[in-house]
Structures are given as C-alpha cells and as structure tokens.
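Trainee: I'd like to learn how to read confidence and chain contacts in a model. Could you walk me through one?

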Number of protein chains: 4
Amino acid sequence: MKIATFAGALRKGSVSKQLVLEANRFLEKRFGLAVDYIDLKEHPFPLYDTDIEQQDGIPSTIAELGTRIGAANALVIAAPEYNGGISSVLKALVDWLSRLQPSPLQGKFLLLVGASPSGSGGVVGLWHTRVPFEFLGVHVFPAMVAVPRSATAFDGAGALIDEKARGKLHQVLTDFVAHVENHHPLPTRIREAS
Amino acid sequence: MKIATFAGALRKGSVSKQLVLEANRFLEKRFGLAVDYIDLKEHPFPLYDTDIEQQDGIPSTIAELGTRIGAANALVIAAPEYNGGISSVLKALVDWLSRLQPSPLQGKFLLLVGASPSGSGGVVGLWHTRVPFEFLGVHVFPAMVAVPRSATAFDGAGALIDEKARGKLHQVLTDFVAHVENHHPLPTRIREAS
Amino acid sequence: MKIATFAGALRKGSVSKQLVLEANRFLEKRFGLAVDYIDLKEHPFPLYDTDIEQQDGIPSTIAELGTRIGAANALVIAAPEYNGGISSVLKALVDWLSRLQPSPLQGKFLLLVGASPSGSGGVVGLWHTRVPFEFLGVHVFPAMVAVPRSATAFDGAGALIDEKARGKLHQVLTDFVAHVENHHPLPTRIREAS
Amino acid sequence: MKIATFAGALRKGSVSKQLVLEANRFLEKRFGLAVDYIDLKEHPFPLYDTDIEQQDGIPSTIAELGTRIGAANALVIAAPEYNGGISSVLKALVDWLSRLQPSPLQGKFLLLVGASPSGSGGVVGLWHTRVPFEFLGVHVFPAMVAVPRSATAFDGAGALIDEKARGKLHQVLTDFVAHVENHHPLPTRIREAS
C-alpha cells in the first residue's frame, strides 16, 4: 500500500501541515508505511485558467504532482476550512489534476482531516472538500477528523498534544488503513502505466 | 442602486463571461442601471497564502477589487461549476476579500447565475458557491439561474439565444432588482467610508 | 413585523425548543414583538407521500401551519442536526408546505439557529437545512447561531446560560430584526389574501 | 455479495421505484445477484421523535428494516430530489436506523441513483443525500446516476428507455459491483451476528 499525503494550506508551519505530519508519523511508526509527503508550496501552480492550459499546456508542477499522486493507492489530506469551504489551493489543484489523462485521482482512497482554531474544527469545510474529489471518482473515507481549538491542540514543536483529538486521529487512520488493505487489487497505479 | 458584476472564470470568451454580459445588457436596458463590470483577468491575484499576506500584505489587485465591490449595493456573479464545486478563482477571491477590514462583502446582495455544457447547467456548483459568500454575511438571492447546454445556448456573438434560459434570466434579474430596491437603506458603502 | 418561530424537533423539552423559546423571550422583551410560537408536536403530519396527497389531499395540519407561517413576515427556526443533516420533521414540513398554493414560504425571511451536545453546535446540519428553504424562495439570513455543548449551555429551567452563546444569539437576532425591518414592503402575507 | 435495494419515495409507481426496479433487473440478469428489494411503503415508520423512542422504543418496522439492510453488503437506493434535498422518508429512515445497536449501516457500500422530471435529474438532491449516510460510516460510491426528464425516460411499463441514461446506469452498476467485489472481507453482516 502506497500512500501520499499533503496539506491544503501553503503557509510554512500551518496547522494543516502540522496535522498531516502528525498523521505521517503515526502511519510510519504503527504500520511501517513509507509515506510520500508533498509540500504544495514547493510545487507552485496558478489558479485554474483555461487560457493557460490552451496556450502553455498544463503546468509542469501539476504533471509532477499528478505522477506522485497517481503512484499512490491512498491519500491523506489535511484540508483547512476557509470561509466555510475548501481552500483555493486544494480547489485549484483538483481542477488542474482533472485535466490530466489518465486521471491520477480516479479510484483512489482518500482520508480528509483538518484543524481549526474554532470549536467545530473546520468540519463544515471538510464536508465541502469531499465533493470535488468524489466528483472525480475518489473514494473519500466516510469518517473524518476535525481537530478543534488548534491554537492549544499542538505544542511548540508541532506535535498534536490534545489527547482526545490524538486518539481520534489514530483510530480513524487505523480504520482507513484497514479499509484500504481489504481492497484487492488496490487501485491501479494509472499514471505509472502511461 | 449600484451594481457590480463579474464572472468566476478567467478565460477570454468563457460562457460565464458571456452570461454575465448578457445580464449586464438587460440590467442597463430594462432598469437603466450603470453596471460596474469587472474582468478578473485584468486584476490577477494568487492562490490564498498566509505567507504572502504576512510578508507582502494583501495584494493591491485585491484592495482595488475590494473597493469596487464595496462600492456596490448588489452583485451579480456568473459562477462556473468545476468538478461539482466553486471555481478556484472565485474561492481565492472570496478568501482574499475576507482579509480586508472593513469587509467589502458584508451585507451585500448577490445573485448567482451559471452556464455549463451539461444538462444540469452547473447547478450543483451554484449551490456550493453560495456557502462562502453566506459565511461572510452576503445575502445570496434564493433563486439562481443555471443555463444548460451552453454550447448551443449562446450564439457566435455571445448572446443568449436559448429562449427558456433567456426568459428565466430576465425574470430572476427582475425579481432580484425588485428585492434589493425594497431594502432601505441599501447596505452601507462600507469601503468608501474608509 | 410579524414573526413565527418553531423548533425542528418534536421531543418535549428538546434543546431546540429551549433555544427557540429563549429567542422568543428576547424578541418580545427587546423589540416588543408578538411572536407566534408553533409547537410542531401539536400539529402532527406524516412523512411526505404523494399517494396521501392524491387520495386524501394535503393534511389539514399542514394547511393550518401554512396559514400561520404565511401570516408571518419572518421566521426563526431552531434546527437540530441529525446525522449531519436536516431533521426529518423539518424536511417533511417543508416538502408538504411546498405543495400549498400560494406558497406560504416564498419571499419570507428566515433565521436558523441550533444547539447540539457536540463542540460544533450542529453547524453542519444548519448549513444543510438552509438549502430546501432557499430552494423555495426563502431569504435565509446569512448569519446563524450554533450553540455547542448544549448539555451545560442551558440551565434546568431551559434558560440559555452560556454567556458566549447567549451574546451571539442576542446579536444575531438583533441584526436579523434590523435587516427585515429595512425591507419595505415586507413580504406579502400571501396566505391571508387567499 | 448480498445486495438490498429500495426507493426513497413512497408513492406506488413513483419513478424512483421504477428506477430501482430497473437496476434490480440488471443486477439479477447480468451478475446473477439475488437482490433483496424493499418497498418502504410496506414498512411504515413515523417521523423521528425521541419521545416515541423513549416511550415505545424503536418501531418494529425499523428493527425489521435494520435486519434486512444489515444483512446486505451493499445497497442501491433511488433517492428522489425534493426541494433540492433528501426526501423526508429517507431522512427519517436513516435517523431511525442510526438508533439501532449495532449499526446496520456502518461500513456498507451504497450506490445512489435518482430520476426527476427536470433537466438536472435531481443531482442536487443526490449530493445532499450522500451526507447522512457518510456521517454514519457508509461508503457511498463516488459515481451516481441522475436520470433527467423522467416523464419520457421510462415507458408505460416502467422500463428505462432513454438510451443514454440506460447506458450510464448499467455502466455505473457494473463499476459499483466490481468495486464491492474487490473488497475482502465484505463488510460484516453485523446484525446477523447479534
């Protein structure tokens, strides 16, 4: 089982990045998985614009991200809630990836997690973030993890120290890995075949 | 009543731009309104990134857009459906605007319209597009207009020639204008006061 | 300005009823409004079923509720979150009301509030509850109130004692009343004219 | 692989029932599956009301439906769109089922299909119908089937004669069966173990 993870926020040290790195540590330690962690800031891409695609083609960063994402069987994404919805970074990524043939997202398994300073943990945004992925044929895991009060949930080194949130994250990650591992064959690594 | 309009797609000649220009013509001709039409392509802004905001401040294009949007009492936006959701352009715009103080969106009236090549007219995307605007205090008009089969609904000059869609657009625009005009006082032109 | 209020839960003493009664007390005391409070339990109606409508007609309880709702300019509804969505009670009510001609909901103003034992206050359910009302032409106020940790937010007598939630409720009710009062003329009392 | 199917509308001869029966015929003929078809009208249950649960317990019809649904590995539901959302019948069913222990829905696979007289095929309703199922741990298949213009899509005998819709239904059912069959072990038949 190959897994790729990333955060839907760009800022260095964002809580979304802290959360996905916490998930990575658990996946590596508990399950011995080699996680391919992607920092979207290192692969800049523009807002989706059909003119760009028609004049210059799909950006090379998107092609690279498509290859890495396509090589994974499963994804874990930490999706920030911005104004009740998906981040523009994630939406632009999804819309660009949807232009690649064959599709790197089709048939993949995805777990969405999130953290926010509010009491809701950004759960409204998580529900909206599901939609474009499902639209593109991604099996989004029903359970999600929304970490509330992020300002105190993480320590200075970026570790998730809120016990309740930490337990929930570990449980859902465990359930997610078990679900994906029960699937045979795993989703074809479509992009590698191209 | 001051009204600003724009499309949530960047491509020159996109059906979203054709649709919003059709709405502009109707608003000007029928109601004598002076519409402030904004082409987002002429005001480029990046994906939302807190690092940019903290290092360079809010982009000057966003400040300009905030002033024009803030000066309007009502907005008409043609929102394309991309993969079942909001376009990354609109989402990035909303998220950047949400960083301005005072808020240029708070209390404004908004009508959402859309067009798509599909039979649904992109109505799933329209419903999702409501959310971040409502989150920021915008009164999104309940009725929306989704123009299906856009490839044949517009003629070569960009005029909406589908009679049913055209009638629906005119009716909903008329209802929207009547609703906003019944509101006294109109939402404060917050940005002009700053 | 005439206002009708109700809860979307049936249980006697439900937190949704406690919350809407709290709102009623504030509306009466602060604004001197005569609130028409409706207890849906006293007006039982079935799940929506076209066979019932065609064989027996629209239930008489629905016609009565339509008259009372139609006589109001504005509504405040406390909507519980059940499994991330709208309660079946509210959805059945909306679907039955949508069969009345003229529509008692069209053009009305609505504020949605909610309370739940969770940390999110049932905010995911509130967002989904907006949709069928907006579909039917209701102006749903953008701001909503989600009271978290309802088990301790109310006292034994049903008063909202959580200071933060109480302040938010009062502020949003005040904003809502001001918004509706700025609208002239108020939505026609459609049902009374029939 | 055991599969149960039903429609989210009660009316005899509703297009939702026609659609799910069309799906049943395909599943039986193409894959030799023994489908357990449930007509919800034959198992009446009330709007969800905590008072009923506390005074009389969970309705016996719900317990029976829970057993049949729990015995299936996968579900196909034809979900009508009512006012942009889920039908009250489906929502009441889901909310009642959520009170059973162990949960008959947890971990099941679900395909949602729908039909409507409109050009959108009720796709807005399908997207909202996903949510309470996903909330309860159901793996809702990303692809869905929305049959538009139902008045002419079915013949007098209830057969789906719109070629495009028929082809889409068969393809998505085939993809769904393949996906579920790749999962080993299939979701535990939780209710039978109790």
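Trainee: Over which residues of chain A does pLDDT stay under 50?

Mentor: Good place to start, as this is a predicted model. Where pLDDT is low, the coordinates should not be read in detail. Here, the stretch is residues 189-194 of chain A, where pLDDT stays under 50. The model still has 19 contacts beyond four places in sequence for residues 189-194, but please treat those with the caution that low pLDDT calls for.

Trainee: What is the average pLDDT of chain A?

Mentor: The average is 95, and 95% of the residues in chain A score at least 70. For the complex, the predictor gives an ipTM of 0.95 and a pTM of 0.96.

Trainee: Now the contact with chain D. How many residues does each chain bring, and what area is buried?

Mentor: Chain A and chain D contribute 16 residues each. About 1,400 Å² is buried between them, with carbon and sulfur atoms giving 62% of that area.

Trainee: And how many salt bridges and polar contacts link chain A and chain D?

Mentor: There are 2 salt bridges between the two chains. One of them joins the side chains of A:R130 and D:E134, at 3.2 Å from N to O. Counting residue pairs in polar contact, with both at pLDDT 80 or more, gives 6 between chain A and chain D.

Trainee: Which element of chain A gives the most to the side that touches chain D?

Mentor: That is helix 5, residues 123-135, with 5 residues. By class, chain A's side of this contact has 8 nonpolar, 6 polar and 2 charged residues.

Note on methods
Residues are numbered from 1 along each chain as its sequence is written. Chains are lettered from A and ligands numbered from 1 in the order in which they are written. Side-chain values use heavy atoms; hydrogens and water are left out. Contact means heavy atoms within 4.5 Å. Buried area is the accessible area (1.4 Å probe) that two parts lose on being put together, summed over both. A salt bridge is a side-chain nitrogen of Lys or Arg within 4 Å of a carboxyl oxygen of Asp or Glu. A polar contact is a pair of N or O atoms within 3.5 Å; within protein, one must be able to donate a hydrogen and the other to accept it, and residues adjacent in sequence count only if both atoms are side-chain atoms. Helices (H or I, at least four residues) and strands (E, at least two) are DSSP runs, numbered from the N terminus. Ala, Val, Leu, Ile, Met, Phe, Trp, Tyr, Cys and Pro count as nonpolar, Asp, Glu, Lys and Arg as charged, and the others, Gly among them, as polar. pLDDT is the predictor's confidence in each residue, from 0 to 100.
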